[in-house]
Amino acid sequence: MTDETAASGPAAGPASGSGMGNAGADAVEPAFGIPEATAAGRASGSGMGNAGADAAEPAFGIPEQADGPADAQPEAPFIAPVAMEDDPDELFPGDRGTLDPEVRRVLVHVLQRRFLSADSRTEWALLLEHQQLIESRMHDMYLRLVVDLGRGVAYKQQVRSDEFEVPILLKDAPYNRTETLVLVHLRTVFQRESAAGEPAPRIDIEDIEQTVLSYLTDADGSTARQQKAIRAALDRLDREGVIDEETLGRYRISPLVEVVLSAEKLAELRTWLREQAAQQASRAEKAQKEAAL
């Protein structure tokens, strides 16, 4: 959310490329890119701990007395061997992990998902309790864990450096034009309602469609196609936790929208949208004049 979430804007505007800028590798908010963790699983390496030489010591039996009877039987081993499948500390054959099962699951969920919300109370409590340990495992993979207690959200970022080569684990999955337009409207409504004291702003799909359609043109397809694209954008944002569809066509806007789209990026996009609207109006006026000739 992010280096993991490098900014990228609409397909045909400054939101993508140099015109819209870039959230930067170490940006706190993901802006437009949705990094999907392309690799998840159990981390290993120096930060994962080491079993050590002593951990691999075999169990030793008690030696026979040198002057004992010739037919004396050796005593049982001091530590009886345990079959791998019966070892309670192993979750699967060959397991060398050191984290408790529930902590492993939280680590995997942080890697799998774009956000981990405080609404998932059990996972959130485990994350805070074992934050240092989880951070250590993520640092082994050149990932940074960001825990925003104010918004109740945690997410990952790709570590980048100009001083040494860093293998890139997270890749960008930028929002397309329609998704960006939907985000701009959601962020605007969230900002307005929050300033008015509304703790959980809500919005209807009709409001979203009316606003977003006003920015789309014939080049974006028919009205039916545009509406379909808007609903697909809402489905994606719902899956990512930016919005939550409480009832059919009515959404609660999550504080995550502030992480995805910062106030600075929102202002930049608004300026771009005004410029686009002015250009469209100018082209329409020119077309009308040419048709009148």
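**Two sheets, a helix crossing and one loop residue**

Student: Is Ile168 buried, partly exposed or exposed?

Tutor: In this predicted model, Ile168 has a relative accessibility of 43%. Buried means under 20% relative accessible area and exposed over 50%, with partly exposed in between (1.4 Å probe, protein chains only). Ile168 therefore counts as partly exposed.

Student: What should be kept in mind about numbering and confidence?

Tutor: Residues are numbered from 1 along each chain as its sequence is written, and side-chain values use heavy atoms, with hydrogens and water left out. Because the model is predicted, local features need pLDDT of at least 70 and side-chain atom pairs count only at pLDDT 80 or more, whereas totals for chains, interfaces and linings use all residues.

Student: Which residues are in contact with Ile168, leaving aside its neighbours within four places in sequence?

Tutor: Ile168 lies in the loop between strand 4 (153-158) and strand 5 (170-171), where helices (H or I, at least four residues) and strands (E, at least two) are DSSP runs numbered from the N terminus. Contact means heavy atoms within 4.5 Å. With the neighbours within four places set aside, the residues in contact with Ile168 are Gln158, Val159 and Arg160.

Student: How are helix 4 and helix 8 oriented to each other?

Tutor: The axes of helix 4 (residues 177-195) and helix 8 (residues 263-292) come within 11 Å and cross at roughly 120°; such axes are lines fitted to C-alpha atoms, for helices over the stretch in contact, and angles run from 0 to 180 degrees between N-to-C directions. Angles under 35 degrees count as roughly parallel, over 145 as roughly antiparallel, 65 to 115 as roughly perpendicular and the rest as oblique. Helix 4 and helix 8 are therefore oblique.

Student: Which strands are at the edges of the open sheet with the order 2-4-3?

Tutor: This sheet has three strands with antiparallel pairing, and two strands pair if DSSP finds at least two bridges between them. Two bridges join strand 2 to strand 4, and Ser117 stands opposite Val153 in strand 4. Each edge strand pairs on one side only, and the edges are strand 2 (116-117) and strand 3 (143-148).

Student: In the open sheet with the order 6-8-7, what is the bridge partner of Asp244 in strand 8?

Tutor: The three strands of this sheet pair in antiparallel fashion, and four bridges join strand 7 to strand 8 (residues 250-253). In strand 8, the bridge partner of Asp244 is Arg252.
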